[in-house]
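Reader: I would like a close look at a single part of this model, namely the protein surface that faces the DNA. Please take one strand after the other and keep to what can be read from the atoms.

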Protein chains: 2
Amino acid sequence: MNIFRLLKKNKLFADFDDNEINKIFDCLHGHINKYSRGRVVAEAGDPVTEVGIILEGSAVKFIRKADGELVNCGELEVGGMFGEVEGYAGDRTYRSSVVLAEDSTVLYISIPTIVKQCSKNCPHHQKLLENTLSCLADRIDVINNDAKYLKIKSMRGKISKLFYDKYLAQGTNVIHLGFNRNEMAEYLNVSRPSMSREMIHMKEDGIISYRKDEIVIHDVERLAELANTAR
Amino acid sequence: MNIFRLLKKNKLFADFDDNEINKIFDCLHGHINKYSRGRVVAEAGDPVTEVGIILEGSAVKFIRKADGELVNCGELEVGGMFGEVEGYAGDRTYRSSVVLAEDSTVLYISIPTIVKQCSKNCPHHQKLLENTLSCLADRIDVINNDAKYLKIKSMRGKISKLFYDKYLAQGTNVIHLGFNRNEMAEYLNVSRPSMSREMIHMKEDGIISYRKDEIVIHDVERLAELANTAR
DNA sequence: ATAGCTTTGTTGCCAAAGCTACAAATCATT
DNA sequence: AATGATTTGTAGCTTTGGCAACAAAGCTAT
């Protein structure tokens with residue numbers, strides 16, 4: 001297990017080189033545990049004292065609704081972490097439970113250790129702190145943007161904003177969604193048939209055409225207009 | 001102008017006492033500017049190097065949509081700040097413009113100064129950093145919760161969740177919204193008449209009664225059920 | 001190629017909610 | 001108390017999108 005390589009997949013350590021990881025590792029007092037599939041590594045309601053980072057394996061986050069139903073609210077791959085928000089927010093307890101989806105290796109770093117400057121006053125510690133801040137701030141950006149989709153009321157508006165955002169991100173008229181229809185509908189919080197129906201109308205109007213995951217934008221002007229004026 | 005008292009209204013300094021504020025103030029190199037009403041103190045797209053805190057006055061945040069329309073996206077009162085998210089996220093430019101709503105006094109603190117430990121290695125600096133982290137993490141919690149309302153599709157579900165959340169927060173069957181109908185409808189992202197209509201139905205069903213801002217919950221069980229099973 | 005599974009397209013019906021317009025109630029101010 | 005402004009309630013009409021059910025097209029593996 002190459003811990004350097006694995007750790008670089010994590011946002012807090014993404015821009016660290018092996019040397020820096022090595023140096024900072026001393027002061028962080030991290031500990032590594034191996035668990036088998038199904039293990040609950042975080043329980044909603046429990047206090048958070050550490051950030052967990054998945055080094056090998058994967059996990060699923062669940063929220064238990066008041067009626068007892070478990071709702072999947074996110075997946076963690078290698079480099080994914082948990083507790084990095086709850087550890088600093090509100091009453092510092094887990095909002096969701098984290099269950100390992102396969103045999104996994106988890107690295108834990110105590111939150112006070114991250115926050116407090118170590119006695120050595122090392123510059124890497126500084127960098128870690130900045131990364132933690134960026135990580136949280138970036139998350140706010142992402143959620144804010146997701147919320148924009150939810151606030152748009154019309155189907156065409158939602159679809160247009162999604163396609164236009166992808167167009168801007170991918171910089172080409174032929175965009176790839178990275179979604180199937182079901183996932184796209186779920187992301188936009190609409191029903192799949194209604195979404196399909198509106199996509200057909202947009203095709204008929206000459207704005208787009210598509211085949212599965214691949215969307216071709218024929219009228220960028222119009223799409224931009226739709227995306228930006230959407231209520 | 002009592003800067004101590006004013007600053008304590010800000011989340012980053014809320015738990016500081018006068019003495020601590022005094023001490024940390026040296027290392028933060030803050031500067032204070034007075035501006036008149038209408039002044040643009042942050043322009044969307046510009047780089048963020050400082051956090052701004054309103055000491056006197058108030059401001060409004062605007063986003064300019066691609067079609068040129070300005071959308072109000074938040075208000076800042078005394079103690080409110082701007083740049084505290086954008087300063088750490090993505091390309092570190094303002095997402096929105098901040099315009100003063102009246103003659104105001106603004107305190108600026110440079111972000112690197114907040115993040116880097118000062119030469120004196122003072123413990124208050126440490127506390128400020130923790131507050132910054134909490135501030136961002138709490139914000140994520142808030143946005144996440146707001147997004148929950150947006151994801152619920154039925155009118156009754158949205159209303160129920162709002163009332164039930166207020167019930168939990170206020171701990172009494174007689175809750176106060178802090179919203180008028182318009183604001184409530186806007187928050188839930190629905191039209192006011194449709195919302196009113198459904199509130200009447202819920203009254204007819206014996207779940208609630210209300211008069212303006214004051215809502216009486218008659219059937220908590222049922223409200224909880226509605227709030228928790230809402231799709 | 002064929003069978004079986006998954007994804008996508010298609011349809012019709014219907015309930016939910018949007019919107020406009022207006023009425024009633026409440027509040028604030030003189 | 002009267003006026004005007006704001007907030008809330010009401011009604012009818014229209015549109016949107018949810019939903020169920022099914023058809024068609026792609027994939028996969030034998």
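Reader: Which elements each supply at least two residues of the surface near DNA strand C?

Author: This is a predicted model, and the elements you ask about are H7 of chain A together with H7 of chain B, each of which supplies at least two residues of the surface near DNA strand C. The largest share of that surface, 5 residues, comes from H7(A). In total, 18 residues surround DNA strand C, and the closest are A:Arg181, A:Arg197, B:Met155, B:Ser194 and B:Arg197. Sorted by class, the surface near DNA strand C has 6 nonpolar, 5 polar and 7 charged residues.

Turning to the side of the nucleic acid, 51% of the atoms of DNA strand C within 4 Å of the protein belong to sugar or phosphate, while the rest belong to bases. Individual polar contacts involve both parts of the strand. At the bases, an N or O atom in the side chain of A:Arg197 is 2.9 Å from a base oxygen of DNA strand C, and a polar side-chain atom of A:Arg192 lies 3.0 Å from a base oxygen of this strand. At the backbone, B:Ser194 places a polar side-chain atom 3.0 Å from a phosphate oxygen of DNA strand C.

DNA strand D can be described along similar lines. There are 17 residues around it, of which A:Met155, A:Ser194, A:Arg197, B:Arg181 and B:Ile200 come nearest. Sugar and phosphate account for 51% of the atoms of DNA strand D that come within 4 Å of the protein. By class, the surface near DNA strand D has 6 nonpolar, 5 polar and 6 charged residues.

Among the polar contacts to DNA strand D, a polar side-chain atom of B:Arg181 lies 2.8 Å from a phosphate oxygen, and an N or O atom in the side chain of B:Ser196 is 3.5 Å from a phosphate oxygen. The side chain of B:Arg197, by contrast, has an N or O atom 3.3 Å from a base oxygen of DNA strand D. The elements that give two or more residues to the surface near this strand are helix H7 (192–204) of chain A together with helix H7 (192–204) of chain B, and here the largest share, 5 residues, comes from H7(B).

Placing the two strands side by side, the largest share of the surface comes from H7(A) for DNA strand C and from H7(B) for DNA strand D.

How values were computed
Residues are numbered from 1 along each chain as its sequence is written. Chains are lettered from A and ligands numbered from 1 in the order in which they are written. This is a predicted model: local features need pLDDT of at least 70, side-chain atom pairs count only at pLDDT 80 or more; totals for chains, interfaces and linings use all residues. Side-chain values use heavy atoms; hydrogens and water are left out. A residue is near a molecule or strand if one of its heavy atoms lies within 4 Å of it. A polar contact is a pair of N or O atoms within 3.5 Å; within protein, one must be able to donate a hydrogen and the other to accept it, and residues adjacent in sequence count only if both atoms are side-chain atoms. Helices (H or I, at least four residues) and strands (E, at least two) are DSSP runs, numbered from the N terminus. Ala, Val, Leu, Ile, Met, Phe, Trp, Tyr, Cys and Pro count as nonpolar, Asp, Glu, Lys and Arg as charged, and the others, Gly among them, as polar.
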